[in-house]
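These are my notebook entries on a structure I went through by looking up its contacts and its overall build. I begin with the place where the chains meet and then turn to pairs within each chain.

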Amino acid sequence: MIRLEKRPQPSQFWTAFTPVLAVMLTMVAGGILFAILGKDPFVAIKTIFWDPILGDFAFYYRSQLLVKGAPLILIAIGLSLGFRAGIWNIGAEGQYIIGAICGAAVGLAFYPMEARWLIFPLMILAGALGGFLWAMIPAILKTRFNTNEILVSLLLVYVAEQILASMALGPLRNPEGSGFPGSRNLRQYEAASNQELIANSGVHWGVIAAFIAVILAYVLLNRHMLGFQIRLTGQSPRAARFAGVRPNLLVVFCLGASGALAGLAGMFEVAGPAGQISIDFNVGYGFTAIIVAFLGRLHPVGILLAGLLMALTYIGGEAAQATLGLPAAAIQAFQGMLLFFLLAVDVLSNYRVRIGTTEAA
Amino acid sequence: MGDSLLTVEGLRKAYPGVVANDDVSFSVKPGEVHALLGENGAGKSTLVKMIYGLVRPDAGRMTFEGVPYEPSSPHEARGTGVAMVFQHFSLFEALNVAENVALGMENPPKQRQLSRQIREVSETYGLPLDPDRLVGDLSAGERQRVEIIRCLLQDPKLLIMDEPTSVLTPQEVEILFETLNKLRAEGTALLYISHKLEEIRALCDSATILRLGKVVGTCDPRASSARQMAEMMVGQELHTPSREMKEPGEIVLDLAALSVKSANPFGTSLKNVTLQVRAGEVLGIGGVAGNGQDELLAALSGETPAPSDAVKLNGQEIGHLGPNARRALGLLAAPEERLGHAAAPDMSLTENALLTGAIREDMVSNGFLNWGKARSFAESIIREFDVRTPGPGNAARALSGGNLQKFVIGREILQRPVALVVNQPTWGVDASAAAQIRQALLDLAAAGCAVICISQDLDELMEISDRFAALNEGRLSAPKPAKGLTVDEIGLMMGGAHDLEVAHV
């Protein structure tokens, strides 16, 4: 018989090791899935996890790792603050879109001026502000009318998608684009482009921002009163009130910070890798970042690693689709398994497993 | 040993870093009331959890009615004839009595039949209880009856009770003892955990005394004095709290017609509470649980805002201020619920020291935390209040109740409060720790602090209070000098407390 016994304290070893175990279990279950689909599981796993880093075409994939990982990390860092305090921003995708629209709009408004020192910083501010304001909608509704921030922030994603489409077709459409939807390509407008800083490395300003966010979040959570209040509120709300935490202020801060970071991620994406505002600009970073945040155990350094891992499954997944003909759904199922196993083995950090009745009783 | 109901031999249970029980042996006969005595952390709870099948022993043997007994779950324990009433009730406030009882049963009968059974059992054992009432409306004593009746419906041969009287009024205790004596007469054995030595002397036939997980002695409680038992339990001599009387100083804390609505739908709103506490004085506030104690503490700590002129500290209006602003001025509080209110269970003691100490102990500058200071503050609490723990890095939930209570009270006292409000400062705390906490409160008052002690333990209040008042349905009686108050007068002050009449059904 297998029994679970609550640990007096959460195990530090298992807290750190469960993500690794989850990745291994995902590989096993994913391998079985690929085998059922008629592919060689070892080749498939190797294509997803090995080739992008160390395979023949790794020089291309490696830079993609940072390009795809940066927005995930940036958004997940913001989300993790709220998640720790029990404030659930599920609408980062919407804040990401609005940040991209605001950033791009500021850049395009200056076209064709060449004052990069002015335009690019303004775009960064506009991107962060756009995401922040979009997140203020659920925040104010929650503090004023006690609405559920999960629902409001999620539904606002679909509103943001509609705004994105109307922007791509209307005000931001490229006047020289022969009537096709989509804005001018910001990568071709030097003053507003989020360039690669080191050739072929994938490092752009968004990657820098992601690293800064990791460090700031770490300092905030471990060294600052606000971070302590966030952790305290998540663990025991009543003790937090006793400690003088003002819950409404925390709601505004957590939603605002995650919105601003998601907006930043959107801005860096639209000015760099994506290049333009288009109807299908958003590809789900805002939702995947939720997985990244939990996979990284809501810890800044964990999120950094988890973001890179998630980016790897994206890139490896695409490679597997191209070379092995695996369906896209199989890759998504594979990513889903990762979260599933993570949550499943999570129990080990708070409980120990006891097997058998052989102990003396 | 042939006639004993339960025998326990060489039971051992170790947790990482602690041996909770080591080589514990004793036996209980049918119809015997057996006391388990010991300080907090002595291993009483672990021991009964093993008997009730919640925890598996590492070594040792148990037999029940002569048959080897190895319960792997409470379900199995109940099947064998062992029932347990926990210190913390597991009841749903929004459900009625019968529904709550049904939730704890293996095969609950239909509601109507169950209600009839509840009435029968409650009449047989003198535990008045209406099966149709909402648990949210019941007093602590009545809630305990729900738990007891739930156990009795299973016809147990052995009933385990973990500190059953800690939340009861004297009258409720009397009812409970009558019930327990009836059970004893019917041949039910009782395993009774308590710190209240007088109670054990009144009720129990034999006692096993535990210290640091080991049996240090057995005695006949009727033949030993409370002091002898306490000293066996603690392993040293006890001293009763003492202090020199002196004239109280200026009015420090002043509540004028404070009315606050309770945040909890089953809570009690405060109505026109007026009181003054002077420097160097201890005001004891009694009353049956659920009459506004939590609400009064929240209104004083600043968790619930009040009209600004309803609460004054040294003449300054502070009703509108939040907890931290009040702390900065010197009004500190220690709530009743240790885990989840006074302390965050999963956080370390260092973090919990920061929880209320951040401002007065100067642990924050420009919003940045000084962990070094927090840690040394936690260490000084642990040292000065004799908190038994491996170190300040340990999680609060890993401490036993009494040790955490010492930590929580010590944390406030060491911040040199101008006024301190404590709710149930020694609830579930053993005799020596309780004496220590009371002495600390008296020393604090002697140093010029105004102290309000809210408690349901009347003996405690009589021991430390200068003046006494009682809460009843959110109203506070006029405070009277504690010296010379009789039990009848106190009963009148607690007045109309819902359980007093039914005491003689």
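Entry 1, the interface. I looked up the charged pair that joins the chains in this predicted model, and I found A:Arg231 in a salt bridge with B:Glu351, the closest N and O atoms being 2.6 Å apart. Across the interface of chain A and chain B the count of salt bridges is 1, while the count of residue pairs in polar contact, both at pLDDT 80 or more, is 9. I then asked which elements of chain A give two or more residues to the side that touches chain B. They are strand E1 (2-6), helix H7 (205-223), helix H8 (225-235) and helix H9 (237-242) of chain A, and the largest share, 5 residues, comes from H8(A). By character, I noted 11 nonpolar, 7 polar and 9 charged residues on this side of chain A.

For the extent of the contact, I recorded 27 residues from chain A and 42 residues from chain B. The area buried between chain A and chain B comes to about 3000 Å², and carbon and sulfur atoms give 56% of that area.

Entry 2, a salt bridge within chain A. Over all chains the structure holds 25 salt bridges, and from these I took up the pair A:Arg297 and A:Asp346, whose side chains meet at 2.3 Å, N to O. A:Arg297 lies in the loop between helix H11 (285-295) and helix H12 (300-324) of chain A, whereas A:Asp346 lies in the loop between helix H13 (328-345) and helix H14 (347-350), so the pair ties together parts that are 49 residues apart in sequence. I checked accessibility as well: A:Arg297 is partly exposed at a relative accessible area of 22%, and A:Asp346 is partly exposed at 28%.

Entry 3, salt bridges within chain B. I looked up B:Glu93 and B:Arg143, whose side chains form a salt bridge at 3.1 Å, N to O. This pair links distant parts of the chain, 50 residues apart, with B:Glu93 in the loop between strand E6 (82-85) and helix H3 (97-103) of chain B and B:Arg143 in helix H5 (residues 140-152). Is each partner buried or exposed? B:Glu93 is partly exposed, with a relative accessible area of 30%, but B:Arg143 is buried, because its value of 18% falls under the 20% cut-off.

I also recorded the salt bridge of B:Glu147 with B:Arg150, at 3.4 Å, N to O. These residues are separated by about one helical turn, because they are 3 residues apart in helix H5 of chain B. B:Glu147 is buried at a relative accessible area of 4%, and B:Arg150 is buried at 10%. Elsewhere I noted a network in which salt bridges that share partners join B:Arg119, B:Asp130 and B:Asp132.

Entry 4, the build of chain A. I counted 14 helices and 2 strands in chain A, and I noted that its C-alpha trace spans about 80 × 55 × 35 Å along the principal axes. For the radius of gyration I have 22 Å, which agrees with the value near 21 Å that a compact globule of 361 residues would have. Of the 361 residues of chain A, 53% count as buried. Among contacts in chain A with a separation of 6 or more, residues 24 or more positions apart account for 76%.

Technical notes:
Residues numbered from 1 in each chain as written. Chains lettered and ligands numbered in written order. Predicted model: local features only at pLDDT ≥ 70, side-chain atom pairs only at ≥ 80, totals over all residues. Heavy atoms only, no water. Contact = heavy atoms within 4.5 Å. Buried area = accessible area lost by both parts, 1.4 Å probe. Salt bridge = Lys/Arg side-chain N within 4 Å of Asp/Glu carboxyl O. Polar contact = N/O pair within 3.5 Å; in protein donor to acceptor, adjacent residues only side chain to side chain. Nonpolar A, V, L, I, M, F, W, Y, C, P; charged D, E, K, R; others polar. Buried < 20%, exposed > 50% of the residue type's maximum accessible area, 1.4 Å probe, protein only. Rg over C-alpha atoms; globule rule 2.2 N^0.38 Å.
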